[in-house]
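Okay everyone, thanks for coming. I'll put the sequence and the structure up, and then we'll walk through them together.

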Amino acid sequence: MERVVAPLNPPHPFSTRFQAGRPLGRRTVVACPSSLVDNWAAEAKKWLGDERFKVIALRPGPGVDAPGAVAGFLHGGVHPCLVASYEALRKVGPALAGRVDLLVCDEGHRLKATAGNQTIAALKAIGCKRTVLLTGERERKGRVEGGGSG
């Protein structure tokens with residue numbers, strides 16, 4: 001599991017490189033399937049602790065205070081990280097526009113480039129310059145986007 005949280009760790013290259021005297025990775029969003037939100041939050045806390053890294057999990061379901069979670073992320077302490085399902089990000093994405101330094105997409109092979117895909121549109125609307133896609137699938141040689149054989 002260490003390789004999974006490595007992009008989030010403040011000593012990791014994503015967050016320690018400096019440009020104009022500021023770290024490149026201050027705010028991180030992890031987008032994942034809803035079944036993995038709690039796993040990501042628990043692993044980040046286990047490997048990185050609470051002192052230098054604050055994880056805010058936006059769990060799917062009724063009674064969830066999504067605006068409160070986003071506000072806590074945007075106005076939180078040092079190295080805040082929002083872990084949210086792809087479905088939740090479709091709803092709160094506009095509030096994050098231009099305010100995220102690093103976007104980590106778990107199960108990235110599920111993101112398919114098709115016209116009208118709301119999830120991809122929401123992720124693009126966040127406007128993050130640095131994106132990491134994590135996947136367990138191997139890339140097939142000769143694969144053609146759009147359903148071609150290969």
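Let me start with a question: on the other side of helix 6, away from its buried residues, which residues are exposed? Keep that in mind while I say what you're looking at. This is a predicted model, so everything I quote today is computed from it.

Back to the helix. The answer is Gln 118 and Lys 124, which are exposed on that other side of helix 6. The buried residues of helix 6 are Thr 119, Ile 120, Ala 122, Leu 123 and Ile 126. They sit on the same side of the helix, because they span an arc of only 160° around its axis. And what do those buried residues pack against? Strand 3, helix 5 and strand 6.

Now look at the two ends of helix 6. At the N-terminal end there's a cap from Asn 117, with a side-chain oxygen 2.9 Å from the backbone nitrogen of Thr 119. After the helix comes Gly 127, with a positive phi near 75°.

Stay with Thr 119 for a second, since it is in helix 6 and also has a polar side chain contact to show you. Its relative accessibility is 12%, so Thr 119 counts as buried, the cut-off being under 20%. Its side chain makes a polar contact with the side chain of Arg 90, at 2.8 Å. Leaving out residues up to four places away in sequence, Thr 119 touches Tyr 86, Arg 90 and Leu 111.

Okay, zoom out. The protein chain has six helices and seven strands. Along the sequence, the pattern reads α-α-β-β-β-α-β-α-β-α-β-α-β. Out of 150 residues, 40% count as buried. And if you take the contacts with a separation of 6 or more, 75% of them come from residues 24 or more positions apart.

On to the sheet. Five of the strands make an open sheet, in the order 4-5-3-6-7, with parallel pairing. At the edges you have strand 4 and strand 7, residues 130-133, each pairing on one side only. From one strand to the next, the twist averages 15°. If you want a spot to click on, strand 3 and strand 5 run parallel and are joined by five bridges, and Val 30 stands opposite Val 83 in strand 5.

Which strands does helix 3 touch as it packs on the sheet? Helix 3, residues 37-48, touches strand 3, strand 4, strand 5 and strand 6, and its direction makes about 170° with that of strand 4. Helix 4 lies across strand 3, strand 4 and strand 5, at about 160° to strand 4.

Now the cores. In soluble globular proteins, nonpolar side chains tend to be buried together. Here, the largest nonpolar core has 22 residues, and those with the most contacts inside it are Val 29, Leu 58, Phe 73, Leu 82, Leu 89, Leu 96 and Leu 123. The elements that each supply at least two residues of this core include strand 3, helix 4, helix 5 and helix 6. Take Leu 89: leaving aside neighbours within four places in sequence, it is in contact with Val 29, Ala 31, Ala 84, Leu 96, Ala 122, Leu 123 and Ile 126. There's also a second, separate core of 16 residues, and among them are Val 37, Trp 40, Val 83 and Val 104.

One last residue before we break: Ser 85, in strand 5. Is Ser 85 buried or exposed? Its relative accessibility is 0%, so Ser 85 counts as buried. A polar atom of the Ser 85 side chain lies 3.1 Å from the backbone nitrogen of Ala 88. Not counting residues up to four places away in sequence, Ser 85 touches Cys 32, Pro 33, Ser 34, Val 37, Leu 58 and Pro 60. Take Val 37 from that list: Ser 85 and Val 37 are 48 residues apart along the chain, and their C-alpha atoms are separated by 6.4 Å.

That's my tour. Who wants to drive the viewer?

Key:
Residues numbered from 1 in each chain as written. Predicted model: local features only at pLDDT ≥ 70, side-chain atom pairs only at ≥ 80, totals over all residues. Heavy atoms only, no water. Core = buried A, V, L, I, M, F, W, Y, C linked by side-chain atoms within 4.5 Å. Buried < 20%, exposed > 50% of the residue type's maximum accessible area, 1.4 Å probe, protein only. Helix = DSSP H or I, 4+ residues; strand = E, 2+ residues; numbered from the N terminus. Contact = heavy atoms within 4.5 Å. Pairing = 2+ DSSP bridges. Axes fitted to C-alpha atoms, helices over the stretch in contact; angles between N-to-C directions. Arc of directions from axis to C-beta. Polar contact = N/O pair within 3.5 Å; in protein donor to acceptor, adjacent residues only side chain to side chain.
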